[in-house]
Amino acid sequence: MQEFLFALTLSALPVVSNFMGAMLAEALPSSKQTLGLALHAAAGVLLAIASTELIPRVAYAKPVWAAILALFLGGAFFVWINQLLNLSKNRLRGVDHNSVSWVIFLSIAIDLFGDGLMIGTSLTIAPHLGVMLTSGRVVAHIPEGFVTNAEFKSQNMPRTQRFWLLAAFLIPVWLGATLGYWGLRGQTDLPKLIVLAFTTGTLMVAIVEEILPEAHQTQDTNLSTLTFIGSFALSMLFSSYLE
């Protein structure tokens, strides 16, 4: 039970960092340069985790084609969900601000459910892997929380309602962590690696299609590039000392 409580604690950290980003949006005026640096840092950390922690483990699956197929399906699933959400946003645009807000909430909830599933599954493989994945998602959710709360503010959503929505993000991330931990605890390595490969596919597509393009829409500078590679290097260094 203590291990499960540890899984719940770790999986809650991305929600905490999401809230921290939202508080920054409350306290500070929006700055494209600050947001761009945060997004570049998040992309660097997540790319390091995917390339040095997740993909090498997925490559050890037997049979390897099953894990590779799961990785592809994870990426395809992200594309499908993203397309569905974009279609919903386009249909709701200019109709009802509250409806648009719920679409945004749903997209973040799906992302956090995947985080919880990945963290819960990784802890059944190696505790150090769960810690690494959590650290990467914590960094990534700070700019995400900043952008999300800024969007809610732009729609004149009351502050109390915004805070309740941010707190409700604990539900999908804990649900994912519970399914990942109890559903795969005691199983052989193959189903664990298949789930890990699926979430890796969604993560890779999110980096390339969501985080980096959004980062380049901000005020891009040489400092942004250095932040990206610096966060990548620091993440690798952190990982090497955790092993």
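Accessible areas here come from the Shrake-Rupley method with a 1.4 Å probe. For this predicted model, the accessible surface of the protein adds up to about 12,300 Å², and carbon and sulfur atoms account for 69% of that.

**Overall build**

Let's start with the fold. The protein has 9 helices and 0 strands, so reading along the sequence you get α-α-α-α-α-α-α-α-α. Of its 243 residues, 44% count as buried. If you take contacts between residues at least 6 apart in sequence, 89% of them join residues at least 24 apart.

**Who is buried and who isn't**

Here are some residues that come up again below.

| Residue | Relative accessible area | Class |
|---|---|---|
| D115 | 3% | buried |
| Y181 | 3% | buried |
| I211 | 15% | buried |
| W182 | 40% | partly exposed |
| R185 | 42% | partly exposed |
| I68 | 51% | exposed |

**A greasy stretch on the outside**

On the surface, V64, W65, I68, L69, F72 and L73 make up a nonpolar patch, with about 630 Å² of accessible area together. One of them, I68, sits in helix α3, which covers residues 64-92. Why does I68 count as exposed? Exposed means over 50% relative accessible area, and I68 comes in at 51%.

**An acid on the inside**

D115 belongs to helix α4 (residues 97-125). Is D115 buried or exposed? With a relative accessible area of 3%, D115 is buried. Setting aside neighbours within four places in sequence, D115 is in contact with P14, R137 and H141.

**Rings**

How many aromatic pairs does a search of the whole structure find? The search turns up 6. One pair is Y181 with W182, arranged edge-to-face, with 5.1 Å centre to centre and 90° between the planes. The two partners sit differently with respect to the surface: Y181 is buried at 3% relative accessibility, while W182 is partly exposed at 40%. Ring pairs also bring in F4, giving a cluster of F4, Y181 and W182.

**A two-sided helix**

Helix α6 spans residues 159-168, and its buried residues are R162, L165 and L166. They cover an arc of only 100° around the axis, so they lie on the same side of α6. The face turned away from that buried side carries the exposed residues T160 and W164.

**The salt bridge**

Side chains of opposite charge can pair when their charged atoms come close. The structure holds 1 salt bridge. Here the side chains of R185 and E3 meet, at 3.9 Å from N to O. The pair links distant parts of the chain: R185 is in the loop between α7 (170-184) and α8 (189-216), E3 is in helix α1 (residues 2-27), and the two are 182 residues apart. R185 itself is partly exposed, with a relative accessible area of 42%.

**A long-range meeting at I211**

I211 is found in helix α8. I211 is buried, at 15% relative accessible area. Which residues does I211 contact, leaving aside its neighbours within four places in sequence? They are L39, A43, L46 and A206. Take L39: although I211 and L39 are 172 residues apart along the chain, their C-alpha atoms are separated by 6.3 Å.

Key. Residues are numbered from 1 along each chain as its sequence is written. This is a predicted model: local features need pLDDT of at least 70, side-chain atom pairs count only at pLDDT 80 or more; totals for chains, interfaces and linings use all residues. Side-chain values use heavy atoms; hydrogens and water are left out. Helices (H or I, at least four residues) and strands (E, at least two) are DSSP runs, numbered from the N terminus. Buried means under 20% relative accessible area, exposed over 50%, partly exposed in between (1.4 Å probe, protein chains only). Contact means heavy atoms within 4.5 Å. Patches are made of residues with over 30% relative accessible area and no salt bridge: like charges are joined within 9 Å, nonpolar side chains (Val, Leu, Ile, Met, Phe, Trp, Tyr) within 5 Å. A salt bridge is a side-chain nitrogen of Lys or Arg within 4 Å of a carboxyl oxygen of Asp or Glu. Rings of Phe, Tyr and Trp (its six-membered ring) pair if their centres lie within 6.5 Å; planes under 30 degrees apart count as stacked, over 60 as edge-to-face and the rest as tilted. The arc is that of the directions from the helix axis to the C-beta atoms.
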